[in-house]
Amino acid sequence: MNFEDAIQILQQEGRTFAAILPEEKTFPVPDTENPGSYITVTSNIYTSDKKGIAPVMDRMKEDYHFFQGAIVADRVIGKAAAMLLISSGAAKIYGELTSEHSFAVLEAAKAINAGFEYSVGKVVPYIINRTGTDMCPMEKTVLNLDPEKVDFAFEPLKKKLEEMT
């Protein structure tokens, strides 16, 4: 499996997030026949149509290393998403839209782990919030964290998400 496989899943299914896991894992997914309900699946492919860092945080709350060895394709990779995915152990990351702030994180991961790869589509100075009025609150939360300190991103991001709900 490679980037193209993950990107194809992302685009064909119209999802915001797709990950090809190195092994099958069991996790809940929304039940399309019963809105608001979930079913449990076992698969080596995890997709989501949630926005922001929710697809990553949902899994990391249950299993911090859920993305260990995964190939990830995401519509948006900002610094927050990059830090979470790298701390969870993602092997390859692709972002259709990527912030300049994420590059330091991605490059630091590549310098530490020669096997780590990333690829990007369009690059923007920063990820904007959903109303288009300011920087994404998740990117803002980790903006001043050292790019090599990816393990320090989870707790502040989790707290920020809790504050926002």
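Contact here means heavy atoms within 4.5 Å. Keep that cut-off at hand as we walk through this predicted model.

**Stop 1: Leu-97**

Start by selecting Leu-97, which is found in strand β4 (residues 92-99). Is Leu-97 buried or partly exposed? Its relative accessibility is 26%, so it counts as partly exposed. Now show its neighbours: leaving aside residues up to four places away in sequence, Leu-97 touches Arg-75, Val-76, Ile-77, Lys-122, Val-124 and Ile-127. For a sense of scale, draw a distance from Leu-97 to Glu-155, 58 residues apart along the chain; their C-alpha atoms are separated by 24 Å.

**Stop 2: helix α3 and its partner α4**

Next, select α3 (residues 79-88) and colour its residues by burial. How many of the 10 residues of α3 are buried? The count is 10 of the 10, so the helix is largely enclosed by the rest of the structure. Click along and you will meet Lys-79 among these buried residues, together with others including Met-83, Leu-84, Leu-85 and Ser-88. Step just past the end of α3 and you reach Gly-89, which takes a positive phi of about 105°.

Now add α4 (residues 100-112) to the view. The axes of α3 and α4 come within 8 Å and cross at roughly 20°. Angles under 35 degrees count as roughly parallel, and α3 and α4 are therefore roughly parallel to each other. The crossing in which α3 passes α4 is left-handed. To see the contact itself, show side chains for Lys-79, Ala-82, Met-83 and Ile-86 on α3, and for His-101, Ser-102, Val-105, Leu-106 and Ala-109 on α4. Sorted by class, this contact of α3 with α4 has 6 nonpolar, 2 polar and 1 charged residues.

**Stop 3: helices α2 and α6**

For a contrasting view, select α2 (54-62) and α6 (residues 154-164). Here the axes come within 12 Å and cross at roughly 115°, and α2 and α6 are therefore roughly perpendicular to each other. Again the crossing is left-handed as α2 passes α6. Which residues of α2 meet α6? They are Met-57, Met-60 and Lys-61, and on the α6 side you will find Phe-154, Leu-157, Lys-158 and Leu-161. By class, the contact of α2 with α6 has 5 nonpolar, no polar and 2 charged residues.

**Stop 4: the aromatic pairs**

Finally, hide everything except the aromatic rings. The structure holds 10 aromatic pairs. Begin with Tyr-46 and Phe-66: their ring centres are 5.6 Å apart and their planes stand at 75°, so the pair is edge-to-face. Tyr-46 lies in strand β2 (residues 38-48) and Phe-66 in the loop between α2 and β3 (71-77), so the pair ties together parts that are 20 residues apart in sequence. Both Tyr-46 and Phe-66 are buried.

Move on to Tyr-64 and Phe-154, whose ring centres are 5.4 Å apart with planes at 75°, so this pair is edge-to-face too. The pair links distant parts of the chain, with Tyr-64 in the loop between α2 and β3 and Phe-154 in α6, 90 residues apart. Compare how the partners are covered: Tyr-64 is partly exposed, with a relative accessible area of 24%, whereas Phe-154 has 8% relative accessibility and counts as buried.

For a last selection, pick Phe-17, Phe-27, Tyr-46, Phe-66 and Phe-67, which form one aromatic cluster.

How values were computed: Residues are numbered from 1 along each chain as its sequence is written. This is a predicted model: local features need pLDDT of at least 70, side-chain atom pairs count only at pLDDT 80 or more; totals for chains, interfaces and linings use all residues. Side-chain values use heavy atoms; hydrogens and water are left out. Axes are lines fitted to C-alpha atoms, for helices over the stretch in contact, and angles run from 0 to 180 degrees between N-to-C directions. Helices (H or I, at least four residues) and strands (E, at least two) are DSSP runs, numbered from the N terminus. Angles under 35 degrees count as roughly parallel, over 145 as roughly antiparallel, 65 to 115 as roughly perpendicular and the rest as oblique. A crossing is left-handed if the near helix is turned anticlockwise from the far one by less than a right angle, and right-handed if clockwise. Ala, Val, Leu, Ile, Met, Phe, Trp, Tyr, Cys and Pro count as nonpolar, Asp, Glu, Lys and Arg as charged, and the others, Gly among them, as polar. Buried means under 20% relative accessible area, exposed over 50%, partly exposed in between (1.4 Å probe, protein chains only). Rings of Phe, Tyr and Trp (its six-membered ring) pair if their centres lie within 6.5 Å; planes under 30 degrees apart count as stacked, over 60 as edge-to-face and the rest as tilted.
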